[in-house]
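Reader: Hi! I'm new to looking at protein models, and I'd like a close look at one part of this one. Could you pick a spot on the inside and walk me through what surrounds it?

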Amino acid sequence: MVRWPGLGPHLSAILNPAGASSMAAAEVPSYLVSPQTEKHRRARNWTDAEMRGLMFVWEEFFDELKQTKRNAKVYEKMASKLFEMTGERRLGEEIKIKITNMTFQYRSEERPVKKRKVQSCHLQKKKLRLLEAMLEEQRRLSRAMEETCREVRRALDQQNILQVQGLQLQERMMSLLERIIAKSNV
């Protein structure tokens, strides 16, 4: 076990991933976690929306991934595209690991030729459903934006009416003041 200078054996055991500490990683304050331990933290689970988005992004960048050996930049572009589609931020490395895992899982299962055709059709249907859902969401947002614009217009109209009424009241007040002054001078 590595001893950390100035720290007791208990903290040294926490900082040393090979140490015999029974303390769970979640109980260790983040400033005490070593860079080696930080690498091995489990990423959060992928949501269905992220998985659908990943499938689209993967298809879009598939040829580019196959053409380049050092493709970290491609995975980063994929991460940006996925963020645009889903609003969820994923690192290029996470995308690479997920694609690797999905590919391994696909290849490790026995898949008859007919199933591939059915899956291709199933994937097309999934894409279509995703696009329909995205279109519906866009329509919903457009309706909400239109309603907001109508509300703003109503508020501005109401403000204009109040300003006109205010000016009319000022004119009446001025007229009354002029009459009072005229009567007091007589």
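Author: Let's start at Leu-54. If you skip the neighbours within four places in sequence, Leu-54 is in contact with Trp-46, Leu-82, Ile-95, Lys-98, Ile-99 and Met-102. Keep in mind that this is a predicted model, so everything here is read off computed coordinates.

Now zoom out a bit. Leu-54 belongs to the largest nonpolar core, a group of 14 residues. It is listed there among the residues with the most contacts inside the core, along with Trp-58, Leu-65, Tyr-75, Met-78, Ile-95 and Ile-99. You've already met two of those names: Ile-95 and Ile-99 also touch Leu-54 directly. Where does this core come from? Helix 3 (48-67), helix 4 (72-86) and helix 5 (92-108) each give two or more residues to it.

Trp-46, another contact of Leu-54, has a partner of its own. The charged end of Arg-90 sits over the ring of Trp-46, 4.2 Å from its centre. There's a similar arrangement at Phe-83, where the charged end of Arg-89 sits over the ring, 4.1 Å from its centre. As for rings pairing up with other rings, a search of the whole structure finds zero aromatic pairs.

Helix 4 also has a residue to set against the core: Glu-84. Is Glu-84 buried or exposed? Its relative accessibility is 62%, so Glu-84 counts as exposed, the cut-off being over 50%. Along the chain, Glu-84 and Gly-53 are 31 residues apart, yet their C-alpha atoms are separated by 9.5 Å.

How does this part fit into the whole? The protein chain has six helices and zero strands, so to speak an α-α-α-α-α-α pattern when you read along the sequence. Of the 186 residues in the chain, buried ones make up 17%. Among the contacts with a separation of 6 or more, 40% join residues 24 or more positions apart. The accessible surface comes to about 15,500 Å², and 58% of that belongs to carbon and sulfur atoms.

One last thing, about the cysteines. Cys-121 has 39% relative accessibility and Cys-149 has 34%, so each one counts as partly exposed. A search of the whole structure finds zero disulfides.

Methods. Residues numbered from 1 in each chain as written. Predicted model: local features only at pLDDT ≥ 70, side-chain atom pairs only at ≥ 80, totals over all residues. Heavy atoms only, no water. Disulfide = S-S within 2.5 Å. Buried < 20%, exposed > 50% of the residue type's maximum accessible area, 1.4 Å probe, protein only. Phe/Tyr/Trp six-rings, centres within 6.5 Å; stacked < 30°, edge-to-face > 60°. Lys NZ or Arg CZ within 6 Å of the ring centre and 35° of its normal. Helix = DSSP H or I, 4+ residues; strand = E, 2+ residues; numbered from the N terminus. Contact = heavy atoms within 4.5 Å. Areas by Shrake-Rupley, 256 points an atom, 1.4 Å probe, with all protein chains shown as cover. Core = buried A, V, L, I, M, F, W, Y, C linked by side-chain atoms within 4.5 Å.
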